[in-house]
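Take a walk through this structure, from its surface to its interior. Keep the sequence and the 3D view side by side.

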Amino acid sequence: MGEFELIRRYFARKQPTSSSVLLGIGDDAALLQLPADEQLVVSVDTLVSGVHFLPDAPAERVAQRALGAAVSDLAAMGARPLWYTLALTLPEVSEAWLERFASALAQRSAELGIILVGGDTTRGPLSLSLTVHGAVRPGHALRRSGARPGDLILVSGTLGDSRAGLESLLHPQTAERASLDWLRERFYRPEPRLQLAERLASLAHSAVDISDGLLADLGHILQTSQCGAELEVTALPLSQALLDFTPDVETREHWALTGGEDFELCLTLPEQHWEAARQIATALDVPLTPVGRILSAPTLCLLREGQPITLPSIASGYDHFRSQHGR
């Protein structure tokens, strides 16, 4: 099967129509209409077999993981998804694999409200690069650079689940079946917090999605905002599935702080906006938890019940050039 037949059969025919797509898959480039009075938000994300997903991961899981991770970058900016392109590198053409991958990709695209408008295919080790495009009103984009001393640090959802899901795949062990299924779903199918970010954009000072671990990603906010923070480890939101999976407190804290790939949001906002933010999160049925506070001194202090602690076994977070699955 040739490249153009592959694209036509598995990708072009599965795409919905939109008035914003003037020319989509099938030409040298896409022709797109940005909504009036909105700014374009663009991000690219690459996933490599053996680094971001297991080599034997089912095709549909690869699709779900790739798109969820990429769209999470739009959520971190408070943007509304519009379009994406996909560069797909395949070791061989497997029609069965492509059918499952393309069908899952189309379904997940529809769920997230984003349209595939082009890309490229080539032969090589399995990898995917997705460039996602979104829109945001001028002045409403969330950034890493806006944190201010006194801001509360909030995280959405629960932390450490994706790392536990990976652990359960790498080292199967006895655990509650429901817990394993839930943790693996968190690993394979990230849920970008799009609505939450968009509705909190007018309240929050800064935001980042938690892809490399809370410590590392909060560190990005602190560096660009030129401030520090204190973080209360007992406040970290942990799921019941994670508690069921491992009884070891240090392991749970380790995964919650540095495991990465939860694709939750970390936001900072003034304390006077906390109640409004809580009500928004409750209406969306998304947990939102205060875990610390921004400081003026450029340090990151970990606390346990208000007392400073050191956790020497915890590294700074996930690093794509040092880490691999099995970390």
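L23 sits in strand β1, residues 21-23. Helices (H or I, at least four residues) and strands (E, at least two) are DSSP runs, numbered from the N terminus. At 35% relative accessibility, L23 counts as partly exposed, because buried means under 20% relative accessible area, exposed over 50%, and partly exposed in between (1.4 Å probe, protein chains only). L23 joins L22 and L31 in a nonpolar surface patch with about 260 Å² of accessible area together. Patch residues have over 30% relative accessible area and no salt bridge; like charges are joined within 9 Å, nonpolar side chains (Val, Leu, Ile, Met, Phe, Trp, Tyr) within 5 Å. A salt bridge is a side-chain nitrogen of Lys or Arg within 4 Å of a carboxyl oxygen of Asp or Glu. Areas come from the Shrake-Rupley method with a 1.4 Å probe, and for residues only the protein chains shown count as cover.

This is a predicted model, in which local features need pLDDT of at least 70, side-chain atom pairs count only at pLDDT 80 or more, and totals for chains, interfaces and linings use all residues. Residues are numbered from 1 along each chain as its sequence is written, and side-chain values use heavy atoms, without hydrogens and water.

Now go inside. The largest nonpolar core has 40 residues; F11, L86, L88, F101 and L128 touch the most other members. Elements giving two or more residues to this core are α1 (3-10), β3 (39-48), α2 (59-76), β4 (80-90), α3 (95-112), β6 (127-136) and α5 (177-188). The most come from α2, with 9 residues. A core is a set of buried Ala, Val, Leu, Ile, Met, Phe, Trp, Tyr and Cys residues joined through side-chain atoms within 4.5 Å.

A second, separate core of 22 residues includes V208, L215, L231 and A256. A256 is one of the buried residues of helix α9 (249-258), alongside R252, E253, W255, L257 and T258. The buried residues of α9 pack against α4 (161-170), α7 (214-225), β9 (228-232), α8 (240-245) and β12 (300-304). After α9 comes G260, with a positive phi near 75°.

Turn to the strands. β9 and β12 pair in the parallel sense over 4 bridges; pairing takes at least two DSSP bridges. E230 has C301 of β12 as its bridge partner. β12 also runs antiparallel to β13 (307-309), joined by 3 bridges. There L303 is partnered by P308. The hairpin of β12 and β13 has 2 residues between the strands, and E305 takes a positive phi near 55°.

Technical notes
Contact means heavy atoms within 4.5 Å.
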